[in-house]
Every structure is written in C-alpha cells, then in structure tokens.
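Reader: Please take a close look at the salt bridges of this model, and then set them beside the other local features that a careful reader should examine.

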Amino acid sequence: MTSGRALGAALKPRQLTMMGLGSAIGAGLFIGSGAGIQAAGPAVLISYLVAGTLIILVMWALGEMAAANPDSGAFSVYTAKAYGPVAGATVGWLWWLQLVVVIAAEALGAAGLLSTIFPALPVWLTAFVFIVVLTAVNLTSVKNFGEFEFWFALLKVAAIVGFLLVGAALLFGWLPGVQSPGLANFTGGDVAPHGFAGIATALFVVAFAFGGTEIVSVAAAETAEPARSVKKAVRTVLWRILVFYIGAIFVIAAVVPVGSAGLKSPFAAVLEAAGMPGAATAITLVAVAALLSALNANLYGASRMAYSLAERGEAPRLLASVSKAQVPVVAVLASVAFGVVTVVLELAFPEMVLPVLLNIVGSTCLLVWTSALLAQLALRLRADRDGTTLPLRMPGFPWLTGLGLLILAAIFTVGFIGEDSRPQLLSTFGLVALLAVANWLRHRSAKTPARVQSPERVESPVLVD
C-alpha cells in the first residue's frame, strides 16, 4: 500500500444511478413508514411530499458541486471551500461518526430480523458474518462494491415495483376473492386525525427515511466520467424516488387504517390484506437486504470520507493509504473497527450503548444537508460572479436553494418543539460543537494550514476563490 496512489474510477453510471436510488429505499421505508402514518394519518402524504422536495433540492445542489469537482470528501470538501477548513473538517468527521455508528446498528438490525425467521441463528454470529462479508466486498475493489450495491438496490426496487402492482390491483378490485378497501381512509373524517401538528411531527420522522442519498456525491469521484454520471444519476433518481415513496405510502395509507396494529409492519399488512401468503416473511427478507445494502454503502462512504480527511491533513495520514486495487484499506478497516466494537459492547450491554450513540448522531443527516445547501449557495454565487461554466446547474437558483434551507429550518423547529426529538437534536448539536472546537484548536496550533484539496487532483475553477 502507498499513500501516494489515488482512488480508482471503476464505478459505472448504472451503478451510481442505482446506488442513489437504493440508498433512499431502506428499512426506514419498509419498516418505519408506519410511524409517519400513525402520527399524521393519510395526510402523511403531505409530509412525504415536503421531505421528498427537500431531498430533490439537496441532490440537485450536491450534483452541481460533484459534477464540477468530484471528490471523495464531497460535501466536506465543498463546505471547506465555501466556509473554511474548520467547517469542512467538522462536517466530514460528523458524517463519518454517523456512518460508523449506523454500521453497527444495521448489522445488529439485519441479524435480529433474520433470527425471527431462523431462530436458531445467533444474532451476534450473524451480525459478525455480515460485517466480515461486506468488509471483504469493500476491500476488493470499488468495481466489486458497485456491482454488489447495484444488485442490492435492484432487489429493493423490484420489491417496491411488485408492491405497487399488488397495491394497485387491490385498490382497483382486480384481485379475485378480495374486496377492495377503496379510498375510504382518504374520504373519511380521519385524513389528518392530529391536524397540522401531526403532519409536522411526521415531517420530522419521515425526513430521515431519505438519509443516505448524499453518498452519490461521494461515489461520483470514482466514476470514469463524473460530470456525465452525476447528471444522469441526479435526473434519473429524483423522479423515481418520489414515485416509489409517494406511491408506496399512498397504497399503505389507503389500505391500513390509522391505529391498526398492521402499521408496525405496513408492507406486510398490505400484502396480507391482498391475500398474499408468506407476506411477513417476504418483507422481512427484503428489509434484511435493505439493511445490508445500507451497511455496504455506509462502510464505503465512511472509508472514502476518512480517506479524504487524511488527504487534506484533517486525519492521520495512514488513512490515505491505498492498495493496488485502489482501495483505501486502512480507512475501510478503521471505519469497520468502530462498528465491530460497538456491536460487541451492545451485545454485552444490551440497550445501553447503541441507543445512546444513535441518539447522539441521529440528526446528522439534517446538518449534512444544511451544509450542502449552504456550500452550494456560496460556491454558485462565486461561480456566477466569475462567469464560470458549470457542467450541471441547479435550476431556480437561488430561490430553490433558499426553499431547501427553509424546509430544513421548519424540520429543526418541529424537532426542538417535540419532547421526544429535542434531546436527539441537542445531543447532535453538542457533538458538532465539540468537533468544531477540536478542529479549530488543531488548526490554530498547526504550523501550516491543512490543504483543502488533495495534491493528486486538478482543482476545478468553479470552487476556487
């Protein structure tokens, strides 16, 4: 291994597109969507439309910056260019910490779900096997990772498409021997049982379902034609996310009444209402695949962010070591090590370690999205002022960027008002403050300022003062 070797460029456009699509279709949709319906009733569609609009704006902003300057540090690098190295390092470390904690949660979650089907499987052993296998996938080459993630995402997309077809057949009364529920849940008096407050609460809940889409901007650095690949991924993924999410939530809200126990596993409840045998088992297996896909992608994202931080002098230089397969091996192992330790501690002290860590990093994605929009605002104004041509331009600038920031402000406001969500936000903001102070002190004591861009890369004129 050497620290002078750069990352590869073996990801294909189809892999990047499916990665963006698959990263937004996770366990939050397959399992957690019932919580949003429980809070807002069928009116949860409004919450999903607002959250979906937000993620479209964030992806446009990230796509614009990634097409102009593909970098494995993505939003961390863009924030550094816009607001300085301390801000960039803080965002990068914050995202890395979130991912390594979530890796442990996903391994345990997938193992726990699988044990409901195969009780003889020990959760600790299954979780360990999942981590080992996906670490091996990440260590071989980015091409193998991309192919693995492509098929994971394709499985989830196929599951959603199949679900939408069954849901449509159920609602239109095309299933023999099964009575259609119609649209009674939407035309009755409980469309929004808790009023605007319920819709607002659901907005805070469902926003996290879209977490992970930002990984597309990280992966763009390892595609052969970043500008072309990012443009295709952004334009393809955006409308599909809305179709899949809004379509699936519409079907669930139409079939499963508010207050029903079926909302604990909403997809299974719809399939059972349609008379589909083995629905619960099928959805459980899809949810396991969704968690493993997220684990795979998060390990990739964490390792690339660690590599980028090391390249910029914001982390130990060893993390920038790259193998002959052009994989940052030390960064991969360092990222997975935290997850392994967390899994061991959680199994030794159940419900004492992981919930605390998840609470601390729970709102990280909201802060990352905020940093992306703020960075795009500053860098786009700079590019327009200098007359720089951009490969991809976010439409409606600066008004749509401002709309995204306004939606985020509303989500943060709702979160701080809610008694359940306030501690999570305060914990995350406390972590941000600690990281910012630590990075500021390090830069203050350093003899030479850390680099914003790795020396191997040619700096894009759009992101330079």
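**Salt bridges and their surroundings**

Author: In this predicted model, the structure holds eight salt bridges. Side chains of opposite charge can pair when their charged atoms come close.

A first pair to examine is formed by E147 and R14, whose side chains meet in a salt bridge with an N to O distance of 2.8 Å. Because E147 belongs to helix α8 (residues 142-171) and R14 to helix α1 (residues 13-24), this pair ties together parts that are 133 residues apart in sequence. With a relative accessibility of 25%, E147 counts as partly exposed, and R14, with a relative accessible area of 32%, is partly exposed as well.

Another pair joins R442 and E314, where the N to O distance of the salt bridge is 2.5 Å. Here, too, distant parts of the chain are linked, since R442 sits in helix α19 (residues 422-445) and E314 in the loop between α14 (279-311) and α15, 128 residues apart. The two partners fall into separate accessibility classes: R442 has a relative accessibility of 29% and therefore counts as partly exposed, whereas E314, at 6%, counts as buried. The cut-off behind that reading is that buried means under 20% relative accessible area.

The side chains of D386 and R385 also meet in a salt bridge, with 3.2 Å from N to O. In this pair D386 is partly exposed, its relative accessible area being 42%, while R385 counts as exposed at 59% relative accessibility, because the class of exposed residues begins over 50%. Beyond these pairs, E64, R380, D384 and R393 are linked in a network of salt bridges.

Turning from charged side chains to the backbone, it helps to recall that most residues other than glycine have a negative phi, and most peptide bonds are trans. Against that background, the peptide bond from F397 to P398 is cis, with omega near 0°, and P398 is found in the loop between α17 (364-386) and α18. A74, although it is not a glycine, has a positive phi of about 40°; its place is in helix α5 (residues 74-83), and with a relative accessible area of 0% A74 is buried. Q326 is another residue other than glycine with a positive phi, near 65°, but Q326 is found in the loop between α14 and α15 and counts as partly exposed at 32% relative accessibility. The loop between α14 and α15 thus holds Q326 as well as E314, the partner of R442.

The nonpolar side of the surface deserves the same attention. W124, L125, V129, V133 and L347 make a nonpolar surface patch of about 430 Å², to which helix α7 (residues 123-140) gives the most, with four residues. L347, in turn, is found in helix α15 (residues 329-348) and counts as partly exposed, with a relative accessibility of 36%.

Open space in the model can be examined in a similar way, since rolling a probe the size of a water molecule over the atoms shows where empty space is left. The second largest pocket has a volume of about 250 Å³, and its lining includes F196, A197, A200, T201, F204 and V205, together with V414, I417, G418, E419, D420 and S421. The elements that give two or more residues to this lining are α10 (195-207) and α18 (399-417), and α10 supplies the largest share, six residues. By class, the lining has seven nonpolar, three polar and two charged residues. Helix α18 therefore appears in two parts of this account, as a contributor to the pocket lining and as one of the two helices that bound the loop of P398.

A last point of reference concerns distance along the chain and in space. A68 lies in helix α4 (residues 44-68) and counts as buried, with a relative accessibility of 13%. The C-alpha atoms of A68 and A158 are separated by 33 Å, and these two residues are 90 residues apart along the chain. The salt bridge of E147 and R14, by contrast, joins side chains at 2.8 Å from parts that are 133 residues apart in sequence.

Note on methods. Residues are numbered from 1 along each chain as its sequence is written. This is a predicted model: local features need pLDDT of at least 70, side-chain atom pairs count only at pLDDT 80 or more; totals for chains, interfaces and linings use all residues. Side-chain values use heavy atoms; hydrogens and water are left out. Patches are made of residues with over 30% relative accessible area and no salt bridge: like charges are joined within 9 Å, nonpolar side chains (Val, Leu, Ile, Met, Phe, Trp, Tyr) within 5 Å. Accessible areas come from the Shrake-Rupley method with a 1.4 Å probe; for residues, only the protein chains shown count as cover. A salt bridge is a side-chain nitrogen of Lys or Arg within 4 Å of a carboxyl oxygen of Asp or Glu. Buried means under 20% relative accessible area, exposed over 50%, partly exposed in between (1.4 Å probe, protein chains only). On a 1 Å grid over the protein atoms alone, a cavity is a set of points where a 1.4 Å probe fits but cannot get out, and a pocket is an open set with protein on both sides within 12 Å along at least five of seven lines; lining residues have an atom within 4 Å of a point. Grid points are joined across faces, edges and corners, and a volume is the space filled by probe spheres set on the points. Ala, Val, Leu, Ile, Met, Phe, Trp, Tyr, Cys and Pro count as nonpolar, Asp, Glu, Lys and Arg as charged, and the others, Gly among them, as polar.
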